[in-house]
Amino acid sequence: MISETNNHFILISGESGAGKTEASKKILQFYAVSCPSTRLLGNVRDRLLLSNPVLEAFGNAKTLKNDNSSRFGKYMDIQFDHQGAAVGGHILSYLLEKSRVVHQNHGERNFHIFYQLVEGGDEELLRWLGLERSSQNYSYLVQGACAKVSSINDKSDWKTIQKALSVVDFSEKDKEHLFAVIASVLHLGNIHFEASQGYATLNSSEEIHWLSKLLGIPTHVLREGLTHRKIEAKAEEVLSPFTIDHAKYARDALAKAIYGRTFTWLINKTNESLANKDSARKTVIGLLDIYGFEVFDVNSFEQFCINYCNEKLQQLFIQLTIKSEQEEYEMEGIEWEPVPYFNNKIICDLVEEKHRGIISVLDEECLRPGEATDFTFLEKLEEKLAGHPHFVTHKLADQKTRKTLERGEFRLLHYPGEVTYSVTGFLDKNNDLMHRNIKDVMRQSQNPIIPQCFPTTEPDSKKRPKTVATQFKSSLAGLMEILMSKEPWYVRCLKPNEGKHPGHFDDVLVRHQVRYLGLMEHLRVRRAGFAYRRRYELFLKRYKPLCPDTWPNWKGTAVEGVERLIKHLGYKSDEYKMGRTKIFIRHPRTLFAIEDAFDICRHELATRIQAKYKGYRMKGDYLRQKEAATKIEACWRGLQARKERERRAWAVKVIKKFIKGFMNRNQPVSLDNSDYLAFVRQSYLTRLKENLPKSVLDKTSWLMPPPIMQEASALLQKIYTQHLVRKYVRGITAQRRAQVLLQ
């Protein structure tokens, strides 16, 4: 991904309980450990990792096959920057099994979050939500008679989900509102109806009170919405009361809608937290963790959709591996012996073909006027699909097969094997209708999440919305387009045994999975085929530094360049084949060898580029320094020259003034001779200071003064003589003075 800057995806597939969810966790953990980390990237990494337990809590449940079964499909795009650091992500969800909210088969549970809230929530939270610490008190949690599971610790998981929600950027208010919605579903399930004159009335005043409080909807509005439907008659609206059966259906439809739309809100909220704000181009690795193939004792609409999804993914796998690879060899003119394989396109067409496929027939029955039932749907299937090798019903089956089929069932021969579906509930689950007045009730909610789940912008036209199967079919088509645009990688999860026992491998079960997944055919194609193929232009562009003839620019065609490159590398004829537009390399070791050589060459080129660049930088630095030194020298020399010029100008001025003063020395003091005369005075006084007479008797050593100093000299001589006399007198002792006086 980093070297070729292209997008990839990892398809994790296998039966329910084979370990797909755990495999996706390991992949995310690997990204978290191996990617570069900073504080910002650490936040993104933590959100990517902890989005998983959030989605598991709200989207996973215990089934007969698996204690942590994904009841929705998840495709996560992880965005990476050019250094390989995870910088963002985006999650798409597919077909949440909403019916589990209101009904679970024996031995199964509702979604994990309900049990985590009831068992792990603190007393204050439960009191605020009006809940009791017992799953047995809630109708929606006890239908499977399996509230406690030894392998699941709901209290511990509750702590994990609290931490995860905080990391994924849910505020305390967001969490309060979210748990209020979850609790409202439990209260909704405990609402019971009584018959009054053939119509439904509510007798669960306490549950209505809590429902009103948690959703922020007036009690009377809720009562009316749960017991009446609004019918438009010409220009007026009429309230029509429900029967008990209709009221229960409306209650369950509302519970499914609230939970399903809240799950969508949760996905969108998580995506906001994972969003990458940088608009620069990013490479992407997609991670697809979707429900595995399911076969239960009773298989309904959900298993039909899940298994259809697995058929599409198997078709994608066949198309991208076995089928496309063999077609590519033929198209490129490579000698090839075809490997036979089962193409499940016939099953996909059986389900999704226009006008004749099962989904088309189901939609027709849902939309047609009149009394359409699950059994009329089955009759239409028998009419349109009679004789199809992968479809059989009780009516179409032979005598032996008829004994294993009930009248309300049909059987499809999927790629893993036969699955028998009960048509009961197919139409209701496909319609998934909810009365418009109930939507209007929800839009009055004061809980901030509910108005976002039931927006006023949602069309409320009389035109029926798309059915669940059609929406799922469209979303699968969109998913296939996303996957086809990326480089595929596969993780095939094999279920070791049916009893969930560690360390035990059921050879028959494992062999069956290997066979129906097409792994043997894939291995045969891979073993007989080529490990690596690339278009000539891309191959030459990447590896041309390995050959002096092709580096740095090859003038000929790409094919000739690749041939010259291969010849230089010394490949043997059995190690590669030249196709029409691509080169095919048979063994991975050959590719590894050329990659190792390319790495060495790349380092050498990088070293040379670095040396050239460093030389260029140093030369530039040297030239800049030389230019700077020259400028400094020029400035310094200019400064010195200006100072020298100023000194000389001053000297000339002084000399001229001195000469002029000398010439006018005998003239009266004026501007022309004042400085010279001052200099003469100073010079005379300085010399006089150094040659003063030492004795009063010395009358000849007094310096001859210049004419201008004669008067001053005479005065100074007189003062100095007096000074010498005073000094002499002071130096005479009293005895000497007496002698002088006597004389």
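1. In this predicted model, D169 lies in the loop that runs between helix α5 and helix α6 (residues 172-189), and its phi is positive, at about 80°, although D169 is not a glycine. Most residues other than glycine have a negative phi. With a relative accessible area of 47%, D169 is partly exposed, since the class called exposed begins over 50%.

2. A second residue to inspect is A145, which is found in the loop between α4 (residues 123-129) and α5. A145 is not a glycine either, yet its phi is positive, at about 55°. The relative accessibility of A145 is 57%, and A145 therefore counts as exposed.

3. Helix α5 (residues 154-167) also takes part in a helix pair, in which its axis and that of helix α3 (residues 112-120) come within 8 Å and cross at roughly 100°. This crossing angle makes α3 roughly perpendicular to α5, because angles of 65 to 115 degrees are placed in that class.

4. On the α3 side, the contact with α5 is made by Y115, Q116, L117, E119 and G120, while α5 contributes D154, K155, D157, W158 and I161. Sorted by class, this contact of α3 with α5 has four nonpolar residues, two polar residues and four charged residues.

5. Which strands make up the open sheet, and in what order? Five strands form it, in the order β5-β4-β10-β1-β14, and their pairing is mixed. The edges are taken by β5 (residues 86-94) and β14 (residues 487-493), each of which has a single partner strand, so that one side of each is left without a neighbour in the sheet. On average, and with direction ignored, neighbouring strands of this sheet are turned by 15° against each other.

6. Within the sheet, strand β1 (residues 8-14) and strand β10 (residues 283-289) run parallel and are joined by five bridges. For H8, the bridge partner in β10 is I285.

7. Helix α18 (residues 468-484) packs on this sheet, where it touches β1, β4 (residues 73-80), β5 and β10. The direction of α18 makes about 150° with that of β5, which is one of the two strands that stand at the edges of the sheet.

8. For a check of the backbone, the two loop residues to revisit are A145, with its positive phi of about 55°, and D169, with its positive phi of about 80°. A145 is in the loop between α4 and α5, whereas D169 is in the loop between α5 and α6.

How values were computed: Residues are numbered from 1 along each chain as its sequence is written. This is a predicted model: local features need pLDDT of at least 70, side-chain atom pairs count only at pLDDT 80 or more; totals for chains, interfaces and linings use all residues. Side-chain values use heavy atoms; hydrogens and water are left out. Axes are lines fitted to C-alpha atoms, for helices over the stretch in contact, and angles run from 0 to 180 degrees between N-to-C directions. Helices (H or I, at least four residues) and strands (E, at least two) are DSSP runs, numbered from the N terminus. Angles under 35 degrees count as roughly parallel, over 145 as roughly antiparallel, 65 to 115 as roughly perpendicular and the rest as oblique. Contact means heavy atoms within 4.5 Å. Ala, Val, Leu, Ile, Met, Phe, Trp, Tyr, Cys and Pro count as nonpolar, Asp, Glu, Lys and Arg as charged, and the others, Gly among them, as polar. Two strands pair if DSSP finds at least two bridges between them. Buried means under 20% relative accessible area, exposed over 50%, partly exposed in between (1.4 Å probe, protein chains only).
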